[in-house]
Amino acid sequence: MRPKIYLFGDSITESSFAGGGWGASLTNHFSRRVDMVVRGFGGYNTRWALKVIDKVFPPAPAADSGVGEAEAPLAVTVFFGANDASLPDRHAAFQHVPVDEYKQNLCSIVSLLKRRWPRTHVLLITPPPIHEAARLLYPYGENKLGLPERTNEAAGSYAKACLSVAAEFQAPAIDLWTKMQQFPGWQTALLWDGLHLTERGNRIVFEEVVEKLKGEGLSLETLLADLPLITDIDPNDPLKAFEI
């Protein structure tokens, strides 16, 4: 009945439906117009995402099934890179994906989605910046070296690769790595553990996604609410509004 937008990514997407999360904000923003479907997988990189992508999304309808483009989502956000950018010689090395492979994996993800749903908008989001000092306070696993498992410089390299893929496919993209660093005190104002988003950080992602979707023709002005609104119901003849 209602069109969908899929949110595909790692823990930053998985947690996006928490209080103040960017996914929850999108659900509220597009209430009665679009269903937001979260497909976030904490700790995942693009290598693992490719392994599960056929289980994450419904298969394309067969040509003779009678089910067409109406079943395709309006858009899919693809938000990976924070885990790929884990350093190969630190304690989160098992999540590391070399930047060239990351770029190729993103290409494969976008290609698969576009083959499955040619008219669906695929929105790429770069990994966020990294506050390295905070990562030492919130290590994932035992940190024997006493060094951050991610660096902002490395995250920037993956952000650049993500934007390159978007340009190659002429797809919309959000340069979150650059955008967040434009805010004074971003290290603690926008990231609570040097990686994951605070409520303010989530707000930035939400606003950027809304803006990019609007640029693709998906906005409150273009997407109609389903079923009659209360303002459309005549108090003197309520059932008339349901004669569709």
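Two strands are counted as paired if DSSP finds at least two bridges between them. In this predicted model, strands E1 and E2 meet that criterion with six bridges in the parallel sense. They belong to an open sheet of five strands with parallel pairing, in the order E2-E1-E3-E4-E5. The points below cover the sheet, the nonpolar cores and the packing of helices.

**The sheet**

- Strand E2 (35–40) and strand E5 (173–174) form the edges; each has a single partner strand, so one side of each has no neighbour in the sheet.
- Strand pairing rests on backbone hydrogen bonds and may be parallel or antiparallel.
- Between E1 and E2, Leu7 stands opposite Val38 of E2.
- E1 also pairs with E3 in the parallel sense, through five bridges, and Phe8 has Val78 of E3 as its bridge partner.
- Five of the six residues of E1 are buried, leaving this strand mostly covered.
- Strand E3 (residues 75–79) pairs with strand E4 (residues 121–125) over four bridges, again in the parallel sense; here Thr77 is matched with Leu123 of E4.

**The nonpolar cores**

- In soluble globular proteins, nonpolar side chains tend to be buried together.
- The largest nonpolar core of this model comprises 29 residues, and Phe8, Phe57, Val76, Val78, Leu113 and Leu124 have the most contacts inside it.
- At least two residues of this core come from each of strand E1 (4–9), helix H3 (46–56), E3, helix H4 (99–116), E4 and H6.
- H4 supplies the largest share of this core, with seven residues.
- Leu124 is in contact with Val78, Leu106, Val110, Cys162, Val165, Ala166, Pro172, Ala173 and Ile174, leaving aside neighbours within four places in sequence.
- Another core, of 27 residues, lies apart from the largest one; Leu7, Ile12, Leu197 and Val209 are among its members.

**Helix packing**

- Helix H6 (residues 152–169) lies across E4 and E5 and runs at about 160° to E4.
- Helix H2 (residues 22–29) and helix H9 (residues 199–215) have axes that come within 8 Å and cross at roughly 45°.
- H2 and H9 are therefore oblique to each other, and their crossing is right-handed.
- On the H2 side of this contact are Trp22, Ser25, Leu26 and His29, which meet Asn202, Val205, Phe206, Val209 and Val210 of H9.
- Val209 thus has two roles in this account, because it is listed in the core of 27 residues and also in the contact of H9 with H2.

Technical notes:
Residues are numbered from 1 along each chain as its sequence is written. This is a predicted model: local features need pLDDT of at least 70, side-chain atom pairs count only at pLDDT 80 or more; totals for chains, interfaces and linings use all residues. Side-chain values use heavy atoms; hydrogens and water are left out. Contact means heavy atoms within 4.5 Å. Axes are lines fitted to C-alpha atoms, for helices over the stretch in contact, and angles run from 0 to 180 degrees between N-to-C directions. A nonpolar core is a set of buried Ala, Val, Leu, Ile, Met, Phe, Trp, Tyr and Cys residues joined through side-chain atoms within 4.5 Å. Buried means under 20% relative accessible area, exposed over 50%, partly exposed in between (1.4 Å probe, protein chains only). Angles under 35 degrees count as roughly parallel, over 145 as roughly antiparallel, 65 to 115 as roughly perpendicular and the rest as oblique. A crossing is left-handed if the near helix is turned anticlockwise from the far one by less than a right angle, and right-handed if clockwise.
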